[in-house]
Amino acid sequence: MIVISNPVVLNREKFLINTLFEEGLELLHVRKPNYSDEEMKSFLSEINQEFRSKLVLHNHHHLAAEYGINRIHNPVKIQKFGWDKPKFSTSTHSLEEFNELSTFFEYAFLSPVFSSISKTNYHPTNDLFLEIKKRTNFKTRMIALGGIQPENIPKLLQSDFDDCALLGTIWNDDNPIKKFKICQQIAHMH
């Protein structure tokens, strides 16, 4: 299971992120589009060093090597990364787009699967559960994103999605750690 950071600053966010990792979070996508370099450096430095290899940068890719991060989302210029065997992910918004991806990407988000929790008026235009039957790309892992909540995780994991990513269901909850543990428990049962 993947969690995507809230794009805006949250109270106790770094504490919550470190705790999520302690509870078994596999990957955290750090998506802070409005952060300056200094804000991103401050953010990354407060993530426990033991967890930094589980971070995926959406922005500020040039800071990855400095912080021991080898995962990049939506890489623009591949040649500027200075480490061995980096891992790349991307986002797609249709099955056709997903099927056309090269094997360069380890996984890709496919969204929105359900109506978004964190984005107003962002909902699926097609039933991705029907569309997924046309999947031809099996070299790239398909990660469901958008509107994922505890009650719809079983449906996702019983379909052809390889995993799911959470954003609004975690960060819009009064107790993000508890909500993560509920989602994690449901995912482990399937």
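**Helix packing and the largest pocket**

In this predicted model, helix 1 is followed by Gly 24, a residue whose phi is positive, near 110°. Helix 1 itself, which spans residues 13-22, has seven of its ten residues buried, so it is largely enclosed by the rest of the structure. The buried positions are Glu 13, Leu 16, Ile 17, Asn 18, Thr 19, Leu 20 and Phe 21, and the elements that cover them include strand 2, helix 2, strand 3, helix 6 and helix 7, the last of these running from residue 176 to residue 188.

Helix 2, formed by residues 37-45, has Met 40, Phe 43 and Leu 44 as its buried residues. Seen down the axis of helix 2, these buried residues fall within an arc of 95°, so they line one face of the helix. In general, an α-helix has 3.6 residues a turn, so residues three or four places apart point the same way. The cover over the buried residues of helix 2 includes helix 1, together with strand 2 (27-30) and strand 3 (55-57).

The largest pocket holds about 360 Å³ of space. Its lining is made up of 24 residues, of which Ile 4, Ser 118, Lys 119, Leu 145 and Leu 167 are the closest to the centre of the pocket. Two or more lining residues are given by each of strand 8 (163-166) and helix 6 (168-171); helix 6 is also among the elements that cover the buried residues of helix 1. By class, the lining of the largest pocket comprises ten nonpolar, twelve polar and two charged residues.

Terms used
Residues are numbered from 1 along each chain as its sequence is written. This is a predicted model: local features need pLDDT of at least 70, side-chain atom pairs count only at pLDDT 80 or more; totals for chains, interfaces and linings use all residues. Side-chain values use heavy atoms; hydrogens and water are left out. Buried means under 20% relative accessible area, exposed over 50%, partly exposed in between (1.4 Å probe, protein chains only). Helices (H or I, at least four residues) and strands (E, at least two) are DSSP runs, numbered from the N terminus. The arc is that of the directions from the helix axis to the C-beta atoms. Contact means heavy atoms within 4.5 Å. On a 1 Å grid over the protein atoms alone, a cavity is a set of points where a 1.4 Å probe fits but cannot get out, and a pocket is an open set with protein on both sides within 12 Å along at least five of seven lines; lining residues have an atom within 4 Å of a point. Grid points are joined across faces, edges and corners, and a volume is the space filled by probe spheres set on the points. Ala, Val, Leu, Ile, Met, Phe, Trp, Tyr, Cys and Pro count as nonpolar, Asp, Glu, Lys and Arg as charged, and the others, Gly among them, as polar.
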